[in-house]
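Please look through the sequence and the model shown here, and then follow the explanation below them.

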Amino acid sequence: MNSSASPRHSASLDIEAFPSDMSLMLILLGVTVLAQDLFFALWMATVEAPVTGPCTGEFLNCPRDLGAMVSGTFNHLLMLLTPGIVFGLHTSRRRRRRSTPLAETPFHGAVDAVEGLVREARLSREPVVMVDRRLTSGAYVTGQRRRPLLMLGPELLVLREKGDHGRRIFEAVVRHELAHLRGRDLQTYNMVTVFRPSNLFAGAFIAFAVTLSMLNHYSTPGDLVVALVRVLLLTLLGELIVRAYLRIREHHADLHAGMTDREGLLAALGAENGRADGTGAARLRSWLRHHPMGIDRLDVARTPGRVLASSPGRVFLGATVAGVLLPMLQDLLLRVYGQKNFTVVLCGFVVGVGLTLFVGFTLWRHQWYAGGPAPARLGRLALTGLIVAGGIVAGSRLALYTRVAGFGLSGTPLAPSFLAALAGAAVLLCGWLTVVGAQWFRGDPQAQRIPRFLKLAVVPACLIGGWLLAGVWTWGMGLQSVLAACSTEGYVCPTTTPELAVANAVTGSFGTGPVAMTVALIVLAAPLAARFTAPLTGRPSRAARPPRRTP
């Protein structure tokens, strides 16, 4: 592949230029599963811990033995994660027991061919090549980092002996699996193997515990159904992230395998015999698949920018996770610090920083690897902002452990004024991120100075996004309380415009410091953008520079 090609048509620059989508989705998966498990373990530990003082309110608000809560939280968290660990160990052992070393099978002619492909991949640890009789024409990698295993199906080995066409398909499949090892996918896949069963087991156990708790408190059937639906959707959120991660993992391995023999990869994906067709109901179910459909893999192999630029679906998953974390983290801070104003601001800022980074990398990657005319970019940033706002609202309504595990509906208010303000703030943030990325792209279209760009752009982006979501979240929580009070029978609302009254109170509590800081950062974006667009003036790319030390 030509190293001077634009990043919009190159697969090799992605790993060096930006944090990969696999890393982002793996972080999302870990946060989703661990946060759900942690908050459930904390709730169970709170219920079981002995009371150390008189109760002044609800039972869960009573003072508890701190040591019992810490040990109880750890025990319940371990209980939820253990099934995933056991399942992963059992699966790995079962795969090894049903496989045979390649040298001990009749396919002696394939030993040298596979060893040559392994040497070509330049792996730090060479895998042990095995034949799994249940694989037929498939292949996969498994094992541990110190002893990776490359599993091949017997039909795939037979295909190698059927002329040049079959040999190229065989080599493309093996290169695809070796690309997983080179990209350290095996280690992260072992983490997914633990997280996924733990997520499903935790969902089932949480549903059981919530049902017992609500029946014990004589909740209505409607409340029970709502709580169970929220448990189901939270579990489904983790499962969707797992499947999205696995699909991205396959696309990246395809791109690495295609760098050596692109035509062989296309043949292996079924470009010539129609195996890649995907229409009708199967196409609609593609977002639920562990592996991408053949037609999607072909499209990405031909146009790598389709996978290197994050899709709107992944943006929605990330925004939904942020929406779930907002009330859950707020509940945790309430347990520790009580009703303090700074807890709301801290919660919004922490989640806002993470969400801004996720959205920023998405928009910046799209700038380099997909691009498009100006109207399309404007539409993209507007759509991204609306998706972010929708994900925050949806996720905040799903969080279970809020208001000290009261299982009541919470989250952002559904007042039209608040929804409009949230959507406007998300679109403005996406617009600022897009402008910064576009200005840098004008002077660095080959992505030769991306690390320098990230050093200059990440800090102001985090500050702006963090303070923006902190202000919106603080306003939303205050507005939610006022609207709930004003809707209470017999309560006389002190104002006819609660949205404006709460907004003024929030602005006064924030002061002028964050506002002045945000304005200053936006103003500084202009000179920074001018510096971004400075031409390289013959400066060699990183790949073309001589090494600092010579042997």
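What follows goes from the chain as a whole to its sheet, then to a patch on the surface, and finally to the salt bridges.

The model is a predicted one, and its protein chain contains 19 helices and four strands. Of the 551 residues in the protein chain, 49% are buried, where buried means a relative accessible area under 20%. When contacts in the protein chain between residues at least 6 apart in sequence are considered, 75% of them join residues that are at least 24 apart. The accessible surface of the protein chain amounts to about 26,700 Å², and carbon and sulfur atoms account for 63% of that surface.

The four strands are a convenient place to begin. They form an open sheet with mixed pairing, in which the order of the strands is E1-E2-E4-E3. Strand E1 (99-101) and strand E3 (139-144) stand at the edges and have a single partner strand each, so that one side of each is left without a neighbour in the sheet. From one strand to the next, the twist averages 35°.

Both senses of pairing can be followed at strand E4. Strand E2, which covers residues 128-132, pairs with strand E4, residues 147-152, in the parallel sense over four bridges, and within this arrangement valine 128 stands opposite leucine 149 in E4. E3 and E4, by contrast, run antiparallel and are joined by six bridges, with valine 141 standing opposite leucine 150 in E4. The connection from E3 to E4 is a hairpin that passes through two residues.

Is strand E4 largely enclosed or left open by the rest of the structure? Five of the six residues of E4 are buried, and E4 is therefore largely enclosed by the rest of the structure. One element to look for here is helix H3, made up of residues 66-97, which lies across E1, E3 and E4 and runs at about 55° to E4.

From the sheet, the reader may turn to the surface, where Val336, Tyr337, Phe342, Leu346 and Val350 form a nonpolar patch that has about 460 Å² of accessible area together. Helix H13 (312-337) and helix H14 (341-369) are the elements that give two or more residues to this nonpolar patch, and H14 provides the largest share, three residues. Valine 350, one of the residues of the patch, lies in helix H14. Valine 350 counts as partly exposed because its relative accessibility is 44%, and the partly exposed class lies between the 20% limit for buried residues and the 50% limit for exposed ones.

The charged side chains offer another view of the model, since a search of the whole structure finds seven salt bridges. How far apart are the closest N and O atoms in the salt bridge between glutamate 171 and arginine 167? In that salt bridge the closest N and O atoms are 3.0 Å apart, and the two residues both lie in helix H6 (residues 163-182), four residues apart, which is about one turn of the helix. Glutamate 171 counts as buried because its relative accessibility is 15%, whereas arginine 167, with a relative accessible area of 31%, is partly exposed.

A salt bridge with a comparable spacing along the sequence is found in helix H8 (residues 221-258), where arginine 243 and glutamate 239 lie four residues apart, about one turn of the helix. The closest N and O atoms of arginine 243 and glutamate 239 are 2.9 Å apart, and both of these residues are buried. Glutamate 250 also forms a salt bridge, in this case with arginine 249, with the closest N and O atoms 3.4 Å apart, and glutamate 250 and arginine 249 are both buried as well. Finally, salt bridges that share partners join Glu120, Asp164, Arg167, Glu171 and Arg175 into one network, and the pair of glutamate 171 and arginine 167 described above is thus part of that network.

Technical notes:
Residues numbered from 1 in each chain as written. Predicted model: local features only at pLDDT ≥ 70, side-chain atom pairs only at ≥ 80, totals over all residues. Heavy atoms only, no water. Pairing = 2+ DSSP bridges. Axes fitted to C-alpha atoms, helices over the stretch in contact; angles between N-to-C directions. Contact = heavy atoms within 4.5 Å. Buried < 20%, exposed > 50% of the residue type's maximum accessible area, 1.4 Å probe, protein only. Areas by Shrake-Rupley, 256 points an atom, 1.4 Å probe, with all protein chains shown as cover. Patch = residues over 30% accessible without salt bridge, like charges linked within 9 Å, V, L, I, M, F, W, Y side chains within 5 Å. Salt bridge = Lys/Arg side-chain N within 4 Å of Asp/Glu carboxyl O.
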